[in-house]
Amino acid sequence: MLQAMNESQVAAQIDLSVRLGRLTLKNPVLTVSGTCGYGDEYAPFMDLRRLGAFTTKSVTVKERKGNAPQRIVETAGGMLNAIGLANVGLDRFVAEKLPVLSRLGVPAIVNVAGHSIDDYLAVCARLDPLDAVAGLELNVSCPNVCDGLIFGTDPKALAELVKQVRAVVKRAVLIVKLSPNVTDITATARSAVDSGADCLSMINTFVGMAINVERQEPVLANLTGGLSGPAIKPLALNLVYKVYQAVAKPAGIPIIGMGGIQNWRDAVEFLLAGATAVGIGTALFIDPTTPLRVLAGLEDYLRRHNLKSVRELTGRLRPNRNEPPAG
Amino acid sequence: MERMEKDDVVTGAAPGSQVSGSRGLFLSRVVRNEPLCREHFRLVLEVDDFPPAAPGQFVQILCAEPNELGWTQGAFIRRPFSIGGLRRGGRRCELDILYRALGTGTRWLSRQRKGEPVSVLGPLGRPFEIHADREIAWLVGGGIGLPPLIWLAQTLSAAGRRAVAFCGARSADFMPLTRVAGVEIVGEQPVLAFEEFASVGVPVITATDDGSLGAAARVPDVFARYLDQHAGQISSAAIYACGPEPMIRATAQIGLAHGIPTAVCLERVMACGMGTCQSCVVRVHDAAAEEGWRYRLCCTDGPVFDAREVVWD
Ligand SMILES: Cc1cc2nc3c(=O)[nH]c(=O)nc-3n(C[C@H](O)[C@H](O)[C@H](O)COP(=O)(O)OP(=O)(O)OC[C@H]3O[C@@H](n4cnc5c(N)ncnc54)[C@H](O)[C@@H]3O)c2cc1C
Ligand SMILES: Cc1cc2nc3c(=O)[nH]c(=O)nc-3n(C[C@H](O)[C@H](O)[C@H](O)COP(=O)(O)O)c2cc1C
Ligand code: FES
């Protein structure tokens with residue numbers, strides 16, 4: 001059915017565009033940090049221009065080698081990773097990676113990580129004026145390096161960070177990526193929004209562990225890693241719902257929902273729970289064309305439900321009617 | 001669930017996606033999947049329009065049939081396998097995969113029957129370079145490191161190179177190669193003992209840990225002795241090694257000590273295979289880097305590396 005219609009007809013009927021602060025995306029499907037490289041790695045598989053936006057691996061002031069291997073391990077319904085923010089550093093990112101990104105024809109969100117407020121300021125101040133950078137996403141939630149995490153778990157520290165970064169970010173959309181490894185995620189969400197974030201992305205990975213029982217040692221050299229993939233989807237969905245209700249909806253701030261999205265149904269769940277856009281990560285390793293599948297399924301879903309815009313889905317969750325299953 | 005569309009299941013590439021000349025996502029079919037020895041299987045997959053590939057390159061196989069919950073019967077992330085051979089006829093291509101059934105993914109693979117679909121992503125990684133000025137090739141492999149060397153032997157032989165293979169395994173029943181009937185394997189003599197190599201005229205020296213086939217020795221030791229006896233060939237030979245890391249390391253050290261160009265095909269635990277996750281790092285020398293080394297990616301910078309480049313710790 002879907003294939004029978006040409007793309008312009010589909011576009012004429014259904015509005016897939018969403019807004020993240022000042023940034024308008026042609027559709028709500030993004031690729032997320034650390035799972036899609038710096039640019040054209042997936043170009044052989046799909047036309048990257050069809051993405052709503054592209055998010056880079058975390059960039060830090062200085063190049064980072066990252067953790068010793070073994071860096072990943074598969075666990076039930078997902079995987080643990082302890083990459084340790086391996087990246088080329090700000091200078092090489094600007095010189096080598098950004099030109100590739102700017103040629104992709106898709107809005108680029110640069111994910112930024114650091115150890116101190118000054119680190120974040122250095123990267124953001126340098127990148128904000130550049131046309132190729134549509135958004136800056138603060139990774140305050142990487143579970144695999146010891147010091148960055150404090151910003152993600154302490155609402156006061158986060159407020160200070162976001163306030164100072166806000167002062168240097170004038171052009172790009174400022175996104176704060178929340179950590180799920182907290183007791184009350186609405187507290188960090190509120191602190192980010194009150195300090196000037198344009199958008200929240202959630203969530204980063206859950207801290208986890210795997211043990212090799214024969215050797216009686218941890219599988220990952222880093223001991224712990226971040227859990228991603230379908231195993232975390234119900235947890236992520238709950239956190240998006242909570243933050244939407246308590247913080248994002250009242251403040252009118254959009255959420256990029258992520259965590260275990262594999263198909264359009266997962267994406268629709270996140271939108272219904274309160275996300276404005278969705279991010280696809282681990283699923284790209286299994287199928288780099290997942291965003292296209294999600295988009296096609298989403299369009300079809302909107303049509304079946306007689307919705308004109310994907311924006312109508314955000315937070316549309318209805319109370320449980322408690323009806324017995326039909327038939 | 002009420003609606004379950006065909007394209008919810010990861011098969012080939014999504015509708016509307018593209019395949020460039022270099023690599024892609026393919027739905028292949030099992031042509032054959034048969035045991036070779038105690039733990040190893042030979043899988044032949046047929047796939048249309050597979051891009052050009054060369055020995056040393058690998059594919060990422062989805063060892064599972066995903067359902068719409070994303071919960072699978074097999075393994076969740078793809079598993080990397082060297083291409084052990086490749087035949088083309090028109091649009092159609094047959095890929096040989098030799099694998100050891102040891103975990104979730106490979107055991108799932110061992111249950112797939114003729115005609116069943118298997119999702120393949122590739123070809124990935126950088127292949128072996130064939131040295132123009134080295135007419136002799138020494139192929140040193142162990143266990144599941146043999147597949148890339150089998151395809152390499154075919155390629156080298158087609159390019160007019162002389163090759164000798166050194167193949168090791170724990171014991172006779174773990175040797176993932178097909179014996180040529182009537183050919184005896186004695187000590188450390190190179191003989192046309194295995195179909196995979198004999199069919200392209202490449203003799204094999206065999207070693208097993210327990211001596212149940214060929215020499216009771218480790219492959220690098222057998223190789224070192226051969227080298228001593230053939231010192232005159234050193235300046236015209238190149239080494240290609242693949243197998244367990246201790247075996248590769250010992251072979252690389254022999255090669256480096258004699259100044260022989262040595263290419264090693266390494267394995268790392270991988271998630272993406274496409275250079276995006278940064279999981280598959282290999283330590284390489286880099287004078288300009290802090291502490292004199294840096295990481296490179298096994299999946300895109302390798303899996304074949306120059307032995308001189310690798311930090312052998
Ligand atoms: C470039 C490359 C080429 C390879 N070629 C072949 C091949 O031709 N034939 C073959 O049989 N195997 C090959 N391997 C190894 C193969 O990928 C693993 O055996 C496979 O992933 C195990 O999957 P599993 O689900 O059966 O085992 P699991 O249940 O995942 O694990 C079983 C054991 O395998 C180890 N393992 C898991 N993933 C990898 C990995 N990516 N590399 C190495 N060890 C791993 C685990 O640490 C564990 O000890 C290759 C690996 C790489 C990186
Ligand atoms: C291998 C890997 C590397 C990641 N690297 C980063 C990173 O550098 N910065 C970051 O903010 N998040 C990183 N993440 C987290 C993802 O962006 C995402 O928040 C998380 O994986 C949940 O989504 P998923 O289940 O769809 O993967 C990484 C995830 C994976 C699997
Ligand atoms: S396996 Fe992902 S970068 Fe190599």
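1. In which sense do strand β3 (residues 58–61) of chain B and β4(B) pair, and over how many bridges? In this predicted model, the two strands pair in the antiparallel sense, and four bridges join β3(B) to β4(B). One residue can be followed across this pairing: B:Gln60 has B:Pro80, in β4(B), as its bridge partner.

2. That pairing belongs to a wider arrangement in chain B, namely an open sheet of seven strands with antiparallel pairing, whose order is β4-β3-β7-β1-β2-β6-β5. The edges of the sheet are formed by β4 (79–82) and β5 (85–89) of chain B, each of which pairs on one side only. From one strand to the next, the twist averages 35°.

3. A helix of chain B should be viewed together with this sheet: α2 (residues 146–158) lies across β4, β5 and β6 (92–100) of chain B, and the helix runs at about 50° to β5(B).

4. Turning to chain A, a reader may wish to look at the packing of two helices, α6 (residues 185–194) and α7 (residues 233–251), which meet at an angle of about 30° with their axes 9 Å apart. The crossing of α6(A) and α7(A) is right-handed.

5. As for the residues involved in that packing, α6(A) contributes A:Ile185, A:Thr186, A:Ala189, A:Arg190 and A:Val193, which meet A:Leu239, A:Lys242, A:Val243, A:Ala246, A:Val247 and A:Ala251 in α7(A). Sorted by class, the contact of α6(A) with α7(A) comprises eight nonpolar residues, one polar residue and two charged residues.

Definitions and conventions: Residues numbered from 1 in each chain as written. Chains lettered and ligands numbered in written order. Predicted model: local features only at pLDDT ≥ 70, side-chain atom pairs only at ≥ 80, totals over all residues. Axes fitted to C-alpha atoms, helices over the stretch in contact; angles between N-to-C directions. Left-handed = near helix turned anticlockwise from the far one by under 90°. Contact = placed C-beta atoms within 7 Å. Nonpolar A, V, L, I, M, F, W, Y, C, P; charged D, E, K, R; others polar. Pairing = 2+ DSSP bridges.
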